[in-house]
Each structure stands twice: as structure tokens, then as C-alpha cells.
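Me: Please take a close look at one part of this structure, the salt bridges, and set them against the strands and the overall build of the chains. I would like one connected account.

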Protein chains: 2
Amino acid sequence: MSAAESPASAGRAARFRNTASVIDRTRTFFEEAHRRGLMAVYGHSGLGRAVSLTAGDRRGNTITDYVRCSYLGLDNHPAIVAGAITAVEEYGSLHWSCARTRLNFGLIGDLEGTLSQLFGARVIAYSTVMVANMGALPIIASGHLTEGQKPVMVFDRLAHASLAFHKPVVAQETQVETIPHSDLDALEQICRKHPVVAYVCDGVYSMGGFAPIKELLRLQEKYGLFLYIDDAHGISLFGNNGEGFVRSQLPPELGERTIVAASLGKGFGASGGMLMLGTVHQEALFRCYSLPHAFSASPNVAAVGAALASAKIHQTAELKLRQERLAERIAFFDKHIETDQRGALLPIRMIKVGDEFAAIKFAERLLDEGFYTSVTFFPTVAQGRSGIRICLTASHELSDLEQLCAKIACYEQEALTAA
Amino acid sequence: MSAAESPASAGRAARFRNTASVIDRTRTFFEEAHRRGLMAVYGHSGLGRAVSLTAGDRRGNTITDYVRCSYLGLDNHPAIVAGAITAVEEYGSLHWSCARTRLNFGLIGDLEGTLSQLFGARVIAYSTVMVANMGALPIIASGHLTEGQKPVMVFDRLAHASLAFHKPVVAQETQVETIPHSDLDALEQICRKHPVVAYVCDGVYSMGGFAPIKELLRLQEKYGLFLYIDDAHGISLFGNNGEGFVRSQLPPELGERTIVAASLGKGFGASGGMLMLGTVHQEALFRCYSLPHAFSASPNVAAVGAALASAKIHQTAELKLRQERLAERIAFFDKHIETDQRGALLPIRMIKVGDEFAAIKFAERLLDEGFYTSVTFFPTVAQGRSGIRICLTASHELSDLEQLCAKIACYEQEALTAA
């Protein structure tokens with residue numbers, strides 16, 4: 001994989017991406033999932049994780065949502081909703097369309113100050129993690145964060161699509177390698193061969209699993225490895241201030257060689273993304289040269305107000321309570337259903353089905369019973385390894401979860417009997 | 001330019017991008033502009049285009065803003081602000097963190113329906129134009145919009161950075177060429193040589209000027225040229241429904257070979273971006289395979305509510321009134337100050353200064369007089385061609401504009417005298 005993707009051997013046959021082939025190979029799965037009402041679902045918020053469907057064949061039905069990544073159940077928290085509204089009222093505007101290098105709502109300065117204190121880092125807010133990642137990778141590749149020496153950029157094979165997408169852009173700047181998922185030996189070999197290496201990975205992987213943070217810190221200490229870790233799915237779930245899966249395992253000072261990307265949605269419960277930077281130098285560069293900073297891609301003021309309100313919640317006992325409620329639900333699920341993720345403190349669980357159409361059928365039956373889950377297939381997971389993704393949250397009712405587990409167990413049993 | 005950038009000759013010396021060099025060549029300009037208080041400005045909304053500064057040496061000052069691209073002055077329109085608030089109240093959430101391929105607020109379906117009717121196209125909404133562009137280019141490159149034949153992708157040399165950024169990604173899929181700005185002969189030559197060609201350009205260029213839409217349509221008719229035009233700066237300013245600079249010049253049916261990207265901020269006055277597509281086939285592909293659609297990058301519900309409110313304004317006489325007020329201000333400016341854009345109906349005016357530090361000084365003097373404009377320098381414009389960008393809007397007071405013009409004329413005269 002890494003050899004095939006290095007620029008030296010890049011040619012027509014060895015590509016970072018091939019959209020035409022992905023479309024050809026997945027079109028029928030997407031069409032079937034749409035036909036079964038599993039995709040492009042529209043609805044209205046209900047209490048907790050309830051959603052009433054407003055379109056399609058199931059219009060009028062109320063389902064329990066296991067799709068949203070609001071792991072602490074904060075995305076309909078009254079204080080966060082009020083924070084969004086108050087900010088828009090106070091500023092008399094939702095959005096100023098100009099570059100952040102020019103004019104900013106004063107409130108986003110407040111937010112970045114608050115988040116910086118909360119997470120022990122220099123925080124910049126973005127409208128999405130997607131644009132935060134897009135802006136960050138070329139700056140890292142430039143070598144300006146590693147004393148002028150361009151790093152070899154090593155991507156984990158399962159690094160999120162919003163990172164992997166930019167490999168060809170990064171390859172214009174420096175050497176790009178891709179290593180097998182969490183393969184520390186492969187990473188260390190590259191560290192031995194090259195004076196400066198940057199590793200790009202997820203903190204918590206969206207399809208299950210997590211980065212070996214302690215081991216990565218060991219490589220950082222030994223070789224000066226630069227780390228860029230997207231903790232979109234880990235933020236808020238761990239740490240006294242909700243620093244998240246990655247930041248809560250790092251030393252108090254982030255230092256010169258670690259950047260953490262994270263979501264202001266998902267666990268955090270507002271809207272947008274952020275970067276946690278370690279130094280004044282990094283912050284100055286990102287505030288000039290990150291593409292979303294240089295153009296009109298600022299979070300809107302509703303997102304800023306919501307994030308400030310969530311930051312307040314992060315400083316109260318409510319955060320720990322919600323973290324505990326989540327842990328309780330994860331343990332409950334694990335007691336009933338076996339998955340590769342069993343025992344991990346993270347809220348994503350993958351039910352393996354295998355065949356794409358069988359997975360779609362599985363998810364359809366769950367939806368008919370009132371449980372909306374994510375059917376996952378290639379290119380999100382490998383071909384023939386389709387399954388069902390369950391996002392557990394602090395605000396799922398245990399009774400609802402119990403019924404979901406019973407259905408999953410039943411369908412798995414049926415599949416075994418049929419095989 | 002085009003030869004140097006074609007994949008056949010791409011090597012270490014012939015790159016699409018070089019972030020390290022851009023940083024090295026511009027660092028001192030950015031630092032000086034920050035030092036003078038021209039960048040990273042923070043403020044609070046005032047009436048019309050007034051902003052009271054909340055940080056820095058000029059804290060407490062109220063300035064008139066010529067930086068924001070709210071060309072119709074809609075970004076603090078009470079109905080749009082109310083639309084944002086009502087939507088958040090009604091949904092009891094600001095944002096659902098999940099892919100648009102999964103679960104959506106019902107309201108975004110309403111918005112896309114409304115915009116589709118308004119603009120005579122199949123509209124998909126995005127959180128920013130930046131992610132709309134990012135999602136679109138690989139799908140066009142795949143050939144799935146051009147009967148399975150991959151197009152040669154031709155970028156205008158001045159196509160916006162949020163398009164040009166992805167050239168290396170697109171080059172993984174198909175041949176990429178870059179032609180001189182609006183060079184129709186160069187484009188036609190490529191059309192003659194290759195069976196399928198797609199041209200990627202801006203409708204209205206952010207640093208002045210616009211695409212020759214009629215001539216591009218002629219090439220489309222003659223050669224089947226596919227057009228992807230980013231009209232972020234042209235939307236709402238033209239057309240009875242505010243279809244914008246590009247869409248208002250296209251036939252009633254968008255057809256199979258034209259896609260228009262546009263902003264839901266800027267002239268439109270809300271927050272986010274959109275694509276205007278022509279066919280059911282295109283829409284189905286974008287709703288499955290566009291990267292921001294497949295991950296949690298949906299516009300938040302405040303943005304959706306604001307956009308719905310703006311769409312309503314687009315259907316009233318107020319739109320035409322604001323378009324006329326803008327035209328009046330453009331004519332007023334042109335009467336007083338000569339620029340390359342004089343006479344064009346578009347609201348961006350560039351004052352040429354030349355030297356980077358002189359341009360920074362020019363903008364600083366204007367800011368000291370209470371006029372906040374954008375100093376522009378490399379890489380946004382060519383090196384040694386720095387200047388001042390003025391964004392005119394329908395809600396600038398003529399008296400304020402008159403004073404701004406007087407100051408510009410005075411500083412230009414001083415520079416002439418000194419030379």
C-alpha cells in the first residue's frame with residue numbers, strides 16, 4: 001500500500017483515488033439503501049433520541065435514532081439551543097461573509113479564548129472539521145511547523161476520508177506514505193529512515209477502534225514524530241473538561257509537535273470544528289495560511305453561541321454525569337451484543353453482516369421496528385464486510401436499547417441458522 | 001502554464017502548489033498587515049455597514065465596513081435573522097451531527113425545494129461553497145456526468161483558491177490543464193483536441209472581473225463543453241429571482257452540462273453554499289458521492305432558516321429595490337474613482353497600489369479615517385500588484401461612500417505627486 005502510493009511510483013495505475021470506480025462498484029448498494037428508506041431520511045426533533053419522520057414511506061413514524069453522533073446527547077440541550085439563539089439576537093446577524101483574516105464577530109474571539117482554556121491548547125474554530133483538516137495538512141506538509149524541514153507525511157490507512165482526500169495535494173508538497181491501520185512497526189521504520197515524519201490519523205475511528213496514543217507519544221519522544229490526530233468522535237467523552245479521547249491522554253503542554261482536530265458537533269453538541277494547537281508560531285501560521293481562514297468559511301454566530309453554551313456545560317458536574325450515562329449504555333450494549341468493539345469505552349459499535357444487500361435488509365428490519373441505524377458498505381468499509389453502525393449516546397433510554405439489542409440478537413441468530 | 005501543470009510533465013519542479021514558498025514569500029506582508037490592525041479584526045454589528053471594534057488598538061471605534069461581501073446588505077436583515085432564530089426554536093436543535101446521506105432536518109428539504117423553484121435548477125445546500133466545490137470536482141472528473149467519458153478538466157488561471165486547491169486531486173482522476181484568465185481561444189483549442197472537456201471558473205471573480213458566459217455557452221453548443229462555474233460573488237445580484245450573474249444568463253433549462261455553485265452568504269445574505277444542478281442523474285450522484293454529503297458537514301438549522309427567509313425576500317419587490325440601490329452605489333463609485341472594473345455592474349472594485357507595504361499603508365490610512373477595506377497582496381493577487389479591495393453594498397450610505405472616494409482620490413494623488 002505505502003509503496004504503491006508513494007509519489008515516486010505514482011502513475012495511472014497507482015492512484016490515491018478513483019472516483020469513477022467507486023461509483024461503478026457501489027451504485028447498486030446506494031440505490032437499494034435509498035429504496036428501502038435507509039438513506040436521505042428527513043425528520044423533526046423529538047425528545048431525547050426520538051425523531052418523527054417527515055418524508056418518504058415511513059412519514060409520520062417516530063423512530064429512535066442511533067445514527068447521530070451526539071454521544072453525550074447534547075445536540076438538543078436547552079442551554080445550547082438558547083446559546084445559539086441569544087448570539088444571533090445579540091449580533092443581529094447570522095453570518096458575516098468575509099475571510100477570518102479580515103473581520104470576525106467578537107464572539108468567536110470569546111469562544112476561542114474559552115476553548116483554549118478548557119482544553120489547554122491554542123484553539124481555532126472552523127465551520128466544519130472537514131475544512132479544518134483541509135486547511136491544516138498543507139501547512140504541516142510545508143515544513144514550517146518542523147523547523148523548515150518537510151516531513152514525510154504518513155497516513156493511517158483508515159484515516160478519515162476528510163484527511164485521505166487530500167493525499168494528492170499533500171504529495172505536491174512532500175512525500176506521502178500510507179501504512180496499515182495503527183501499524184506502529186511500519187511507522188517506526190519510517191521514523192528511522194527519515195529525519196522528520198508526521199503521522200495523520202483519527203483519535204477515535206468512525207467505524208470502530210482508536211489510535212494507540214501512548215505508543216505514538218513514545219515514538220514522538222524517541223524520533224520527534226509530529227502527530228496530527230482527528231478526534232472528531234472522541235471530543236467531550238473523556239477528561240474532566242471533556243478534552244476528549246486524545247487530548248486527555250496528552251501532557252498538559254501540547255508542545256510543538258502535536259495538533260488535535262476535533263468537532264464542535266458530535267460529542268460537543270454544538271456545530272463546527274476546531275483545531276487544538278500547541279504554539280504561538282503554529283497559531284500565527286494557521287490564522288494566515290489555512291485556506292478556510294483566508295476565505296469566507298467562518299462558523300456562523302449561531303454555531304459560536306451554541307459552542308460557548310456547551311463550553312459552559314463542560315465546566316459543570318453535568319459533563320461527568322453525561323459521560324457516566326454514556327459509559328453505562330455502552331456497558332449495557334456490550335453485555336447483550338458481541339462486537340469487535342466490546343469492552344472499549346467508545347460509543348461506536350459495528351454489527352458485522354458481510355453481504356451488502358443482507359446488511360441493507362438488516363437495517364431495514366430494524367427501521368421497521370423503530371430503530372434507525374447506519375448501514376455501512378464500501379467504500380466506508382471494505383467490500384463484502386458490510387454491517388450496521390450503532391452510535392450509542394447518553395440520552396438513549398435503557399429500555400429502548402434493550403429492545404434494540406433483542407432485535408439485533410434475533411436477526412443474528414436467524415442468519416446463523418440460515419447459514 | 002498549462003503545459004507545466006499537465007500530469008505528463010508533473011514533477012518536483014512543476015507543481016500545482018508550494019505552500020512552503022508561499023509562506024516564505026508573504027510572511028512579512030501578513031505580519032505588517034496584522035501589526036497595522038488590518039487583519040484579524042473583531043467587532044460587533046451596528047446599523048447598516050457600521051461595525052464597532054471590540055479588540056485591538058482601535059477598540060471602541062466604529063468603522064464602515066467595505067470588507068464583507070453582503071452586496072445587497074441582507075446579512076443583518078431582520079427577517080433573515082428572525083428566520084434563523086425561528087428555525088432553531090422550532091427544531092429544538094442547532095445541528096445534527098450525521099451524514100446527509102443518513103438523517104436530515106426536514107427544513108433543509110424545504111429549503112432545497114424552495115431554492116430549486118427559485119433558480120430553475122435542482123439545488124443542494126452545503127455548509128460552505130468551499131465544501132460544495134470540494135465535493136463536486138471529483139464527481140465531474142469521474143466522467144459519470146459526461147456519459148462515462150472522463151473530461152479534460154480545464155481550470156481558469158484565476159479560478160478561486162477553493163477550486164484550484166483540488167487540482168492535484170482531480171489530476172488523479174483525469175487530465176488537468178490551466179489556461180490564462182478567460183482565454184477563450186486556449187479553451188477552444190483544447191475543445192478541438194479532446195472529445196470531452198470541462199471548464200472550471202468563477203462567475204464573478206473575487207478580485208474583479210467576470211466570466212464570458214455567452215461565449216462559454218457558444219463553446220458548449222459547439223463542442224459539448226461542460227461548465228462548472230462558481231458564482232459565489234454573483235448570486236442574488238441579477239435576475240428577477242436573484243438567480244445571479246451566471247444563472248440569469250443561462251437558458252431556462254440548465255441541461256446536462258452546466259453546474260453553478262453559489263453562496264448562501266454574500267449577496268444571498270444567509271450562511272452556507274449551494275449547487276444548482278440540471279438533472280435527476282446529477283442530483284442522485286451528488287447526494288451519494290459528494291464528500292460533504294457523506295459526512296457530517298450539513299448546514300446547521302439556523303443557516304437553513306435564514307436561507308428560507310432570504311428566499312422569501314428574493315420573491316418580493318424588495319430584491320429589485322436592493323439590486324437597484326447596489327447599482328446606484330456602483331455607478332456613484334465609478335463616477336469618482338477610476339478602476340479596471342469601471343462600468344461593470346459588479347460590486348467589487350480594486351484600487352491598484354503596487355508595492356505590498358504601500359498598499360498596507362494605504363489601507364491603514366483609510367481605516368484610521370473609519371473605512372475598513374481589504375488590503376490584497378500575493379498570493380491573492382500577483383506579487384508587486386497589491387491593492388485595496390472595496391466591496392460595495394446596497395446598504396452603504398452615499399454620504400459615507402462619497403467620503404471614502406474623496407480619501408482614495410486624495411491618497412492616489414499624493415502617490416502620483418511623490419512618484
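Reply:

**Salt bridges and their setting**

Among the contacts in chain A that join residues at least 6 apart in sequence, 71% are between residues at least 24 apart. The model is a predicted one. Chain A contains 16 helices and 15 strands. Its radius of gyration is 22 Å, close to the 22 Å that the globule rule gives for 419 residues, so chain A is as compact as a globular protein of that length. The C-alpha trace of chain A spans about 60 × 55 × 35 Å along its principal axes, and 64% of the 419 residues in chain A are buried.

Chain B can be laid on chain A by a turn of 180° and a shift of 0.0 Å along the axis, with an RMSD of 0.0 Å. This is the relation of a two-fold axis. Of the interface residues of chain B, 100% are also interface residues in chain A, so the copies meet through the same surface.

Now the salt bridges. Side chains of opposite charge can pair when their charged atoms come close. Over all chains, the structure holds 46 salt bridges.

One of them joins R36(B) to E364(B), with the closest N and O atoms 3.6 Å apart. R36(B) sits in the loop between α2 (19-35) and β1 (41-45) of chain B, while E364(B) belongs to helix α15 (residues 356-368) of chain B, so this pair ties together parts that are 328 residues apart in sequence. The two ends have their own surroundings. R36(B) is partly exposed, because its relative accessibility is 33%. E364(B), in turn, is buried, with a relative accessible area of 10%.

A second salt bridge is formed by the side chains of E188(B) and K222(B), at 3.3 Å from N to O. This pair also links distant parts of the chain: E188(B) is in helix α8 (residues 184-193) of chain B and K222(B) in helix α9 (residues 213-223) of chain B, 34 residues apart. E188(B) counts as buried, at 9% relative accessibility, whereas K222(B) is exposed, with a relative accessible area of 53%.

A third salt bridge, between E318(B) and R322(B), has its closest N and O atoms 2.9 Å apart. Here the partners are in one helix: E318(B) and R322(B) are 4 residues apart in α14 (residues 317-336) of chain B, so about one helical turn separates them. E318(B) is partly exposed at 26% relative accessibility. R322(B), with a relative accessible area of 18%, is buried, because the cut-off for buried is under 20%.

In chain A, salt bridges also form a network, which links E32(A), R35(A), R36(A), K361(A) and E364(A).

The strands come next, beginning with a sheet in chain A. Three strands make an open sheet there, in the order β12-β15-β14, with antiparallel pairing. Its edge strands are β12 (348-354) and β14 (374-376) of chain A, each of which pairs on one side only. From one strand to the next the twist averages 25°. Between β14(A) and β15 (residues 386-391) of chain A there are 3 bridges, and these strands run antiparallel. V375(A) has I388(A), in β15(A), as its bridge partner. Helix α15 (residues 356-368) of chain A packs on the sheet and touches β12, β14 and β15 of chain A; the direction of this helix makes about 35° with that of β15(A).

In chain B, the loop that holds R36(B) lies between α2 (19-35) and β1 (41-45). β1(B) pairs with β2(B) in the antiparallel sense over 3 bridges, and the bridge partner of S45(B) in β2(B) is V51(B). The hairpin of β1(B) and β2(B) has 4 residues between the strands, and in this hairpin G48(B) takes a positive phi near 55°. On to the next pairing: β2(B) and strand β3 (residues 62-65) of chain B are antiparallel and share 3 bridges. In β3(B), T62(B) stands opposite S52(B).

In a regular strand the side chains alternate between the two faces of the sheet. Strand β2 (residues 50-53) of chain B shows this alternation: V51(B) and L53(B) point to one face and are buried, while A50(B) and S52(B) point to the other and are not.

Methods: Residues are numbered from 1 along each chain as its sequence is written. Chains are lettered from A and ligands numbered from 1 in the order in which they are written. This is a predicted model: local features need pLDDT of at least 70, side-chain atom pairs count only at pLDDT 80 or more; totals for chains, interfaces and linings use all residues. Side-chain values use heavy atoms; hydrogens and water are left out. A salt bridge is a side-chain nitrogen of Lys or Arg within 4 Å of a carboxyl oxygen of Asp or Glu. Helices (H or I, at least four residues) and strands (E, at least two) are DSSP runs, numbered from the N terminus. Buried means under 20% relative accessible area, exposed over 50%, partly exposed in between (1.4 Å probe, protein chains only). Copies are superposed by least squares on the C-alpha atoms of residues with pLDDT of at least 70 in both. Contact means heavy atoms within 4.5 Å. Two strands pair if DSSP finds at least two bridges between them. Axes are lines fitted to C-alpha atoms, for helices over the stretch in contact, and angles run from 0 to 180 degrees between N-to-C directions. The radius of gyration is taken over C-alpha atoms; the globule rule is 2.2 Å times the number of residues to the power 0.38.
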